Amino acid sequence: MKNIYAWTAIWLNVFASTAGNVWLSHAMKKVGDVGELRKQYGFRRVIKRILTTPTFFLGMLGMAVAFYSLLFGLAWANLSLVVPAAASLTFVANALAARIFLHEQVGRRRWIAALLVAGGVALMAV
Amino acid sequence: MTFRKYLVLAGVTVFSPVGDALLNRGMKQLGAVSLHDLSSLLLAVLNPWVACGILFLIAYFASYMAALSWADLTYVLPATSLGYVLVALIARIGFHESISPTRWLGIALITAGVGFVAAGPSVTVLPEPAKTGTPEAVTQEVQP
């Protein structure tokens, strides 16, 4: 039963963190390079700009769900299973989602990198 | 890519695995969480290890947001995955844990993946749509 709970938590983590990453990436692209913005307008303006971007809060929501599902997973299984399994699946899910929703050009180089890292992370759990 | 941007990527790489390890230690102290007692999960943040883990994860989140403001998601995620290698090396060097050949292979794959993506462009630039063009303009990548 613990195994079912652990894998439910892992899949919930993959879905929530992918959605959160996509929303967050969308929000931060809208905000712009925070380093340059801070130099030009100061730290407060950067924070204000981030907090007035609606997709930032959706990203935070996704990340919060991912965080608590990770806590659930860690309570039911070992770190060496939960984190690598969730992370390796998330790499592939993110590459797909970034291509579909963010229109990022995920070329051969990035697909190979995502698959190498996902495979490597999965092997680390063995 | 400037030195500052490499520092931000290094922050994303280091803060996350340290935060995860601290969370793991805290949650092991608390024991298994029951679905019938969700309040114990909310109260878990009061555990010092979990609290420290959360502080590290906040630092990770700030540097991650900064990275996403100037680089693609599909660049940032693989480029910062050396954190997994870092955890294994800390375990090997700091705690004298043994690393199996399979794990060494995993480390090699991750390192190769990081090298692959880091050598490529960091951001996709969507050109302004042409006045008479189709809505789905062809994307092109620029060198960092």
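**Exercise 1. What does the secondary structure of chain A come to, in helices and strands?**

Solution. The model is predicted: local features need pLDDT of at least 70, side-chain atom pairs count only at pLDDT 80 or more, and totals for chains, interfaces and linings use all residues. Residues are numbered from 1 along each chain as its sequence is written, while chains are lettered from A and ligands numbered from 1 in the order in which they are written.

Step 1. Take helices (H or I, at least four residues) and strands (E, at least two) as DSSP runs, numbered from the N terminus. Chain A then has six helices and zero strands, in the order α-α-α-α-α-α.

Step 2. Along the principal axes, the C-alpha atoms of chain A fill a box of roughly 50 × 35 × 25 Å.

Step 3. A residue is buried if 20 or more other C-beta atoms lie within 10 Å of its own, exposed if 12 or fewer, and partly exposed in between, with C-beta atoms placed from the backbone. On this count 48% of the 126 residues of chain A are buried.

Step 4. Two residues are in contact if their C-beta atoms, placed from the backbone, lie within 7 Å. Of the contacts in chain A with a separation of 6 or more, 76% come from residues 24 or more positions apart.

**Exercise 2. Describe the packing of α4(A) and α5(A), then the span and buried residues of α6(A).**

Solution. Step 1. Axes are lines fitted to C-alpha atoms, for helices over the stretch in contact, and angles run from 0 to 180 degrees between N-to-C directions. Helix α4 (residues 54–76) and helix α5 (residues 79–101) of chain A pack at about 145 degrees, with axes 8 Å apart.

Step 2. A:Leu70, A:Gly73 and A:Leu74 of α4(A) meet A:Leu79, A:Val82 and A:Ala86 of α5(A). Ala, Val, Leu, Ile, Met, Phe, Trp, Tyr, Cys and Pro count as nonpolar, Asp, Glu, Lys and Arg as charged, and the others, Gly among them, as polar. This contact has five nonpolar, one polar and no charged residues.

Step 3. Helix α6 (residues 108–124) of chain A has 17 residues and reaches 24 Å from its first C-alpha to its last, close to the expected 24 Å (1.5 Å times one less than its number of residues). Its buried residues include A:Arg110, A:Leu116 and A:Met124.

**Exercise 3. At what angle do the axes of α1(B) and α3(B) cross?**

Solution. Step 1. Chain B has six helices and two strands, following the pattern α-α-α-α-α-α-β-β.

Step 2. The axes of α1(B) and α3(B) come within 7 Å and cross at roughly 155 degrees. The pair is therefore roughly antiparallel (under 35 degrees is roughly parallel, over 145 roughly antiparallel, 65 to 115 roughly perpendicular, the rest oblique).

Step 3. By class, the contact of α1(B) with α3(B) has 18 nonpolar, seven polar and one charged residues.

**Exercise 4. Why does B:Thr124 count as buried?**

Solution. Step 1. B:Thr124 lies in strand β1 (residues 123–125) of chain B.

Step 2. B:Thr124 counts as buried because it has 23 C-beta neighbours inside 10 Å.

Step 3. B:Tyr75 is 49 residues from B:Thr124 in sequence and 9.7 Å from it in space, C-alpha to C-alpha.

**Exercise 5. Which element gives the most to the side of chain B that touches chain A?**

Solution. Step 1. The two chains meet through 38 residues of chain B and 39 residues of chain A.

Step 2. On the chain B side, α1 (3–30), α3 (48–68), α4 (73–79), α5 (82–93) and α6 (101–118) each give two or more residues. α6(B) gives the most, with 11 residues.

Step 3. By class, that side of chain B has 23 nonpolar, 10 polar and five charged residues.
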